[in-house]
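Please examine the model below with its sequence at hand. The paragraphs that follow explain how its parts are arranged.

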Protein chains: 2
Amino acid sequence: MCDTCGCGAPHAHEPATRAIAVGERLLADNDRAAAHNRAHFAAHGLLAVNVMGTPGAGKTALLEATIRAAGRWRVTVVEGDQATARDRDRIAAAGAPAVQVETGLGCHLDAHQVHDALHALPAQAADLLFVENVGNLVCPALFDLGEGLRVVVTSPTEGVDKPVKYPPMFRAADVVVLNKVDLLPHLPFDLAEWRAHLAAVNRCATVLLLSALTGAGLPAWLTVLERARAGAVEVHP
Amino acid sequence: MCDTCGCGAPHAHEPATRAIAVGERLLADNDRAAAHNRAHFAAHGLLAVNVMGTPGAGKTALLEATIRAAGRWRVTVVEGDQATARDRDRIAAAGAPAVQVETGLGCHLDAHQVHDALHALPAQAADLLFVENVGNLVCPALFDLGEGLRVVVTSPTEGVDKPVKYPPMFRAADVVVLNKVDLLPHLPFDLAEWRAHLAAVNRCATVLLLSALTGAGLPAWLTVLERARAGAVEVHP
C-alpha cells in the first residue's frame with residue numbers, strides 16, 4: 001500500500017469505495033473470495049498481477065512480450081473477455097499456460113472467477129500469475145481479485161486526460177504503463193500534461209513508458225516485476 | 001430496427017439482453033424512463049444520438065467537429081464522465097449548449113440521468129441531441145436512454161478484434177465510426193479483418209471511416225445524421 005507518500009489514494013479493496021450501487025453484499029462476497037485467493041498466492045510464493053485498462057490499450061501485447069522476454073520466470077495467465085478465447089490463444093502461442101474466462105454481459109472479473117480459473121489451469125508451479133481483466137477503465141477498479149500488484153495499461157492515443165476522467169482506476173494502480181510510445185510522433189499528445197493529470201489522482205504509482213510492439217521500455221517493466229516478486233516495491237498485503 | 005437484413009442482432013432495449021446480474025428491476029425502471037425520454041424527443045422532432053465507445057476513441061472530438069461543421073442544425077449535448085466537466089467545456093467552446101453528468105463510480109449513463117440533464121439544459125429548440133456516454137465498451141450497451149440512433153466510436157489503435165470481444169456493444173450499434181484513420185499508416189491494423197469481425201456480430205450497422213482530427217470522412221457522417229433526422233436510415237422506434 002502507498003501510505004508513506006501522503007497521496008491518500010484509496011485502493012479498490014478499501015471500505016471507502018464499497019458504497020456503490022451494485023450493493024454491499026456483492027462486494028463483501030467478492031472480498032472474501034479475494035482474501036482466499038491472496039492467501040493461496042502467499043502460500044505458493046506467487047506474485048499475482050491484475051492487468052487492467054481500456055480495450056485495445058495493449059494489455060495482451062504487453063503480456064506476450066513479457067512472456068517472451070521473461071524466460072526465467074514460470075508464467076501463467078487468466079484471460080478475461082466478454083467473448084472469444086482469442087487472448088488465451090495468443091498467450092498460449094507466446095508460451096504460457098492460459099485459461100479464458102468469458103464474462104458474457106459482465107464488465108469485469110471477480111475473485112470467484114479468478115479462483116475457478118486457477119483450478120482450470122494445469123497444476124504446476126509458477127512464479128507469476130497475470131490476470132488480464134476485461135477491457136474497461138471503470139468497473140474492474142472496484143473488484144479486488146486478491147492480486148499483489150495492480151497495473152493499468154493505457155496509451156497516448158487515449159488522450160492526456162483519462163486519469164482525471166476515470167480516477168478510481170488510476171487511483172487503484174500500483175503501476176501505470178503508458179504503452180504505444182512508438183506512436184508519440186504521430187499524435188497530438190502532451191506527455192507533461194498527461195503526467196500532471198496522473199499526479200492529480202495518484203502520485204504513488206510507478207510510471208513506465210514502453211512499446212509492447214517495438215520492445216522499447218520493456219527492461220524497466222521486467223525490473224518492476226522482479227522487484228515486486230522480491231517484495232521490494234509496494235505490494236498489497 | 002435492423003430486422004430486414006437477417007442478422008438477428010439483438011439491440012440493447014430488447015428483452016433478451018435483460019437477464020443480467022444488475023437485476024431486472026433496475027433495467028425495467030430504466031426502460032420506463034427511456035420511454036418517457038423517447039416520447040419527449042418524438043414530440044419535439046429531436047433526433048437523440050447515444051454516442052458510445054472506449055475511453056479515448058475520440059467521441060468528444062467527433063462531436064466538436066460535428067458542431068463546427070453542422071451550422072444549420074441546433075445541437076445540444078449531454079456529457080457523461082466519471083469525473084470532471086472537461087468535455088462539457090470542450091463542447092461549449094465548440095459552440096453548443098452542454099451539460100455534464102458526473103457518474104462517480106458509475107460506468108454508464110441511464111435514462112433518468114439523461115432526463116434530469118435535459119431539464120438542466122437551457123430551454124431552447126434543438127434539432128440534434130448528442131448524449132456522449134461514459135467511455136466504456138461494455139455497460140452502456142445495456143441501458144436504453146430513449147435515443148433514436150446508437151453510434152459506437154472506435155479506432156484502429158484498438159486492434160481488429162474488438163467487435164467479437166465486445167459483441168453486445170457492437171451489436172447495439174446503428175452506426176460504427178472508425179475514427180483516427182489518419183493513424184492507419186502507422187499501425188499494424190488490417191481493415192478487411194476488422195470489417196469481417198464487425199460483420200460477424202453486426203451486418204446491419206452503417207460503417208464510416210473518418211478522422212475527427214483531419215476532417216476526413218466528416219461529410220459522410222453529416223449525411224448519415226441528416227438521413228437519420230429525416231427518418232431515412234434505421235432509427236429505433
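Across the interface of chain B and chain A, 13 residue pairs are in polar contact, counting pairs in which both residues have pLDDT 80 or more. The pLDDT value enters here since the model is a predicted one. On the side of chain B that touches chain A, the helices α3, α5 (162–165), α6 (167–172) and α7 (191–201) of chain B each supply at least two residues. The greatest contribution to this side comes from α5(B), with three residues. By character, the residues of the side of chain B that touches chain A comprise 18 nonpolar, 11 polar and nine charged ones.

Charged groups also meet directly between the chains. Six salt bridges are found across the interface of chain B and chain A. One of the salt bridges in the model joins the side chains of Asp87(A) and Lys165(B), with 2.7 Å from N to O.

The extent of the interface can be described in two ways. In terms of residues, 38 of chain B are in contact with 38 of chain A. The size of an interface is often expressed as the accessible area that is lost when the parts come together. For chain B and chain A, about 3100 Å² is buried between them, and 61% of this lies on carbon and sulfur atoms.

Attention now turns to the interior organisation of chain B. Seven strands form an open sheet with parallel pairing, in the order β3-β2-β4-β1-β5-β6-β7. Its edge strands are β3 (98–102) and β7 (206–209) of chain B, each of which pairs on one side only. On average, neighbouring strands of this sheet are turned by 20 degrees against each other, direction ignored. Strands of a sheet pair through backbone hydrogen bonds, in either a parallel or an antiparallel manner. In chain B, strand β1 (residues 47–53) and strand β5 (residues 149–154) pair in the parallel sense over five bridges. Within this pair, Met52(B) stands opposite Val152(B) of β5(B).

Helices accompany the sheet. Helix α3 (residues 86–94) of chain B packs on it and touches β2 (75–81), β3 and β4 (128–132) of chain B, with a direction at about 170 degrees to that of β3(B). Helix α4 (residues 111–120) of chain B lies across β2, β3 and β4 of chain B, at about 140 degrees to β3(B).

Chain A offers an example of helix packing. Helix α1 (residues 24–43) and helix α4 (residues 111–120) of chain A pack at an angle of about 40 degrees, their axes 8 Å apart. Among the residues that meet are Phe41(A) in α1(A) and Leu118(A) in α4(A). This contact is made up of six nonpolar residues, five polar and one charged.

Methods:
Residues are numbered from 1 along each chain as its sequence is written. Chains are lettered from A and ligands numbered from 1 in the order in which they are written. This is a predicted model: local features need pLDDT of at least 70, side-chain atom pairs count only at pLDDT 80 or more; totals for chains, interfaces and linings use all residues. Side-chain values use heavy atoms; hydrogens and water are left out. Two strands pair if DSSP finds at least two bridges between them. Helices (H or I, at least four residues) and strands (E, at least two) are DSSP runs, numbered from the N terminus. Axes are lines fitted to C-alpha atoms, for helices over the stretch in contact, and angles run from 0 to 180 degrees between N-to-C directions. Contact means heavy atoms within 4.5 Å. Buried area is the accessible area (1.4 Å probe) that two parts lose on being put together, summed over both. A salt bridge is a side-chain nitrogen of Lys or Arg within 4 Å of a carboxyl oxygen of Asp or Glu. A polar contact is a pair of N or O atoms within 3.5 Å; within protein, one must be able to donate a hydrogen and the other to accept it, and residues adjacent in sequence count only if both atoms are side-chain atoms. Ala, Val, Leu, Ile, Met, Phe, Trp, Tyr, Cys and Pro count as nonpolar, Asp, Glu, Lys and Arg as charged, and the others, Gly among them, as polar.
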